[in-house]
Amino acid sequence: MLWLGLIITYVGVPIQRFLIVLWVRGSDAYYQQGIRALPGKPVKFSDGGLVTDLPGFMSGMIVFVFGIMIGLSLLLVFTLRFYDKHIQQRPPDVT
């Protein structure tokens, strides 16, 4: 569970802020005007405007769902690799 929390916190939250600015203000505001979504509640833009509830909720859900999917997939891959390498009993090679 710590793995998923770290992925969502350190990868998902910056992506969520990026998605909020792109959705509400557009790519021109993000790339050329330098507007960012500031941390904290309620979420504000760097120019002082408030983020409405729908974009904040939807971008949070998107990041959460994809973070859970990626995190659990990586956990499954590493667990299966560990099992295959260390735990699984293999028959001796027949020559």
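**A guided tour, starting at helix H3**

Select helix H3 together with helix H1 (2-24): the buried residues of H3 pack against H1. The model on display is predicted.

To see which residues are involved, colour Pro 55, Ser 59, Val 63, Gly 67 and Gly 71, which are buried in H3.

Next, select H3 in full, residues 53-87, and place a distance between its end C-alpha atoms. The two atoms lie 48 Å apart; at 1.5 Å a residue, the 35 residues of this helix should span 51 Å, so the distance agrees with expectation.

Now display the whole protein chain as a cartoon. Three helices and two strands are present, and from the N terminus on they follow the order α-α-β-β-α. The radius of gyration of the protein chain is 20 Å, well over the 12 Å that the globule rule gives for 95 residues, so the chain is more spread out than a compact globule. Reduced to its C-alpha trace, the chain spans about 70 × 25 × 15 Å along its principal axes.

Turn then to the contacts. Of those between residues at least 6 apart in sequence, 48% join residues at least 24 apart.

Switch to a surface representation. The protein chain exposes about 7,400 Å², and carbon and sulfur atoms supply 68% of that area. How much of the chain is buried? Buried residues account for 19% of the 95 residues.

Finally, select the charged side chains. The protein chain carries 8 positive and 5 negative ones, and the centres of the two sets are 6 Å apart.

Terms used:
Residues are numbered from 1 along each chain as its sequence is written. This is a predicted model: local features need pLDDT of at least 70, side-chain atom pairs count only at pLDDT 80 or more; totals for chains, interfaces and linings use all residues. Side-chain values use heavy atoms; hydrogens and water are left out. Helices (H or I, at least four residues) and strands (E, at least two) are DSSP runs, numbered from the N terminus. The radius of gyration is taken over C-alpha atoms; the globule rule is 2.2 Å times the number of residues to the power 0.38. Buried means under 20% relative accessible area, exposed over 50%, partly exposed in between (1.4 Å probe, protein chains only). Contact means heavy atoms within 4.5 Å. Accessible areas come from the Shrake-Rupley method with a 1.4 Å probe; for residues, only the protein chains shown count as cover. Lys and Arg count as positive and Asp and Glu as negative; His and the chain ends are not counted. The place of a charge is taken as NZ of Lys, CZ of Arg, CG of Asp or CD of Glu. The expected span of a helix is 1.5 Å times one less than its number of residues.
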